[in-house]
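Colleague: Before I rely on any of the words used for this model, I would like to hear what each of them rests on. Please take me through them one at a time.

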Amino acid sequence: MIQWFLKYRPRSLKDVENQEDAKKELQEWIESWLKGKPNAKAILLYGPPGVGKTTLAEALANDYNLELLEMNASDSRKLQDIKSIAEKAAVYGSLFGIKGKLILLDEVDGINTREDLGAIQGILELIEKTKYPILMTANDPWDPSLREIRNKVKMIGLNRLGKYALRRILKKICQSEKIECEDEGLDYIIETSEGDARYAINMLQGIGEGYGKVTLDIAKAMVRRKERELDPFETLRDIFWARYAWQAKNAATSAQVDYDMLIRWISENIPIQYENIEDIWRAFDALSRASIFLKRAKAGDWDLLSYAYDMMSSGVALAEIEKKKPNWKPKWKKYQFPSYIQLLSKSKDLRDTRDEIIKKISIHSSFEKTVNYTYPYFLIFFKKYEKRLSLSPKEKEYLNSALKS
Ligand SMILES: Nc1ncnc2c1ncn2[C@@H]1O[C@H](COP(=O)(O)OP(=O)(O)O)[C@@H](O)[C@H]1O
Ligand SMILES: [Mg+2]
């Protein structure tokens with residue numbers, strides 16, 4: 001299932017709503033590069049979520065037939081690759097038909113400057129030496145870690161999208177998807193989305209796929225007022241209590257913590273929230289799939305991040321079968337902080353024991369997948385379900401020591 005906000009992302013600047021000033025400045029900037037007299041080496045495009053920052057970058061590259069070299073904040077290791085390309089002379093590029101390039105550093109305010117000490121320095125060097133235009137985006141350009149970068153760039157601000165722009169965006173989608181959309185219903189979505197097109201489109205998709213039409217009543221029942229950011233406890237509650245896939249996904253994507261951390265929070269609390277061992281199995285299985293997508297996303301295939309979010313949110317939420325019953329009620333549970341569990345199996349004997357355990361739990365998936373993705377989570381909840389798994393004393397001992405290490 002493709003996300004509508006990606007499916008309907010404008011491919012050309014002319015289709016981007018509002019943001020006329022920004023479009024003009026971006027065009028002038030790229031044209032100054034094409035003339036060989038850049039008016040700025042780098043631009044910092046900033047504004048609240050879902051107003052078109054990433055969209056503008058992609059549309060700009062597309063309109064000028066530039067190759068987009070992209071780095072996301074959560075993968076700043078890629079900076080080195082980009083630097084080595086960016087610093088090479090491009091003088092003869094056009095003679096050989098090599099495409100021009102646009103460097104996109106998306107969400108630079110999301111770079112974890114504590115864990116990633118070199119990243120900001122690396123960006124500053126990149127700006128110094130680049131032979132290609134650099135476009136950076138940020139929600140919060142005043143983040144203290146961006147201070148030095150601010151001095152080296154031209155800043156362009158984007159506004160929240162207006163009511164009419166959002167209405168045009170949603171109506172286009174209603175037409176293409178052939179869903180009946182009443183204006184009052186759309187307006188309700190628009191008001192709750194506070195100028196964030198991604199949020200509005202996600203709501204529309206949730207309702208459209210669930211009901212096939214949008215009315216005021218349905219919108220009122222389904223749309224939740226937008227939360228700024230949820231703390232991890234709220235995120236967990238919204239994921240575990242979600243009855244619809246899109247509710248869980250919204251909770252995951254508005255989490256304060258990033259996806260790696262979120263996976264740890266969820267895994268710690270699955271056995272706390274769910275009581276049925278098969279629900280727990282399904283939830284961990286979904287989480288293990290999320291890890292697989294996440295790993296591939298981090299290897300460069302960022303489109304897969306959306307699936308990782310689907311699995312860790314909707315996959316986990318819908319693991320509870322009881323939810324489908326009309327009289328289902330969410331159970332309040334006290335959640336825990338994630339504990340960090342390390343897997344160390346040094347001796348061969350330990351490894352054999354581990355493999356036996358894995359065989360027992362890998363009924364639904366391959367052995368290898370279980371070793372890498374499910375087993376670490378399994379360790380966390382084994383204590384609680386020890387009795388039901390008919391493990392040998394040796395296996396139990398192994399699990400206990402793995403939990404301690
Ligand atoms: N100005 C806009 N005009 C048309 N669609 C938009 C606009 N801004 C956002 N969108 C829609 O919302 C989605 C999310 O926007 P995006 O550019 O990713 O936001 P952000 O500012 O957070 O980078 C896009 O994929 C697109 O479908
Ligand atoms: Mg973006």
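Modeller: Contact means that heavy atoms lie within 4.5 Å, and by that rule Lys-23 touches Leu-13, Lys-14, Val-16, Asn-18 and Leu-56, once residues up to four places away in sequence are set aside. This is a predicted model, in which local features need a pLDDT of at least 70 and side-chain atom pairs count only at pLDDT 80 or more, whereas totals for chains, interfaces and linings use all residues. Residues are numbered from 1 along each chain as its sequence is written, chains are lettered from A and ligands numbered from 1 in the order in which they are written, and side-chain values use heavy atoms, with hydrogens and water left out.

Colleague: How confident is the predictor, as judged by the mean pLDDT of the protein?

Modeller: The pLDDT is the predictor's confidence in each residue, from 0 to 100; its mean over the protein is 83, and 81% of the residues reach 70 or more. Residues 340-347 have a pLDDT below 50, and this stretch has 14 contacts in the model beyond near neighbours in sequence.

Colleague: Why is Lys-23 called buried?

Modeller: A residue is called buried under 20% relative accessible area, exposed over 50% and partly exposed in between, using a 1.4 Å probe and protein chains only. Lys-23 has a relative accessible area of 7%, and is therefore buried. Its place is in helix H2, residues 20-34, where helices (H or I, at least four residues) and strands (E, at least two) are DSSP runs numbered from the N terminus. In the whole protein there are 18 helices and 7 strands, and 50% of the 405 residues count as buried.

Colleague: What makes the pairing of Ser-306 with Lys-249 a polar contact?

Modeller: A polar contact is a pair of N or O atoms within 3.5 Å; within protein, one must be able to donate a hydrogen and the other to accept it, and residues adjacent in sequence count only if both atoms are side-chain atoms. The side chains of Ser-306 and Lys-249 make such a contact at 3.1 Å, which is within the 3.5 Å limit. Ser-306 is found in helix H15, residues 305-317, and at 17% relative accessibility Ser-306 counts as buried. Apart from neighbours within four places in sequence, Ser-306 is in contact with Gln-3 and Lys-249. For Lys-23, a polar atom of the side chain lies 2.9 Å from the backbone oxygen of Leu-13.

Colleague: How do you know that the span of H9 is close to what is expected?

Modeller: The expected span of a helix is 1.5 Å times one less than its number of residues. H9, residues 197-211, has 15 residues and reaches 21 Å from its first C-alpha to its last, close to the expected 21 Å. Helix H13, residues 259-273, also agrees with its expected span, because its 15 residues should cover 21 Å and its end C-alpha atoms are 20 Å apart.

Colleague: What makes H9 largely enclosed by the rest of the structure?

Modeller: Of the 15 residues of H9, 11 are buried, so the helix is largely enclosed; among them are Tyr-199, Met-203, Leu-204 and Gly-208. Gly-208 has a relative accessibility of 8% and counts as buried, and its C-alpha is 8.8 Å from that of Cys-181, although the two are 27 residues apart in sequence. At the N-terminal end of H9, Asp-196 acts as a cap, with a side-chain oxygen 3.0 Å from the backbone nitrogen of Arg-198, and after the helix comes Gly-212, whose phi is positive, near 75°. In H13, 12 of the 15 residues are buried, so that helix too is largely enclosed.

Colleague: Why is Gly-47 called buried, and what is Pro-49 called, buried or partly exposed?

Modeller: Gly-47 is buried, since its relative accessible area is 4%, under the 20% limit, whereas Pro-49 at 33% is partly exposed, because that value falls between 20% and 50%. Gly-47 lies in the loop between strand S1 (42-46) and helix H3 (53-63), and Pro-49 is found in the loop between S1 and H3. Leaving aside neighbours within four places in sequence, Gly-47 is in contact with Lys-53, Ala-138, Asn-139 and Leu-158, and Pro-49 with Asn-139, Asp-196 and Arg-198.
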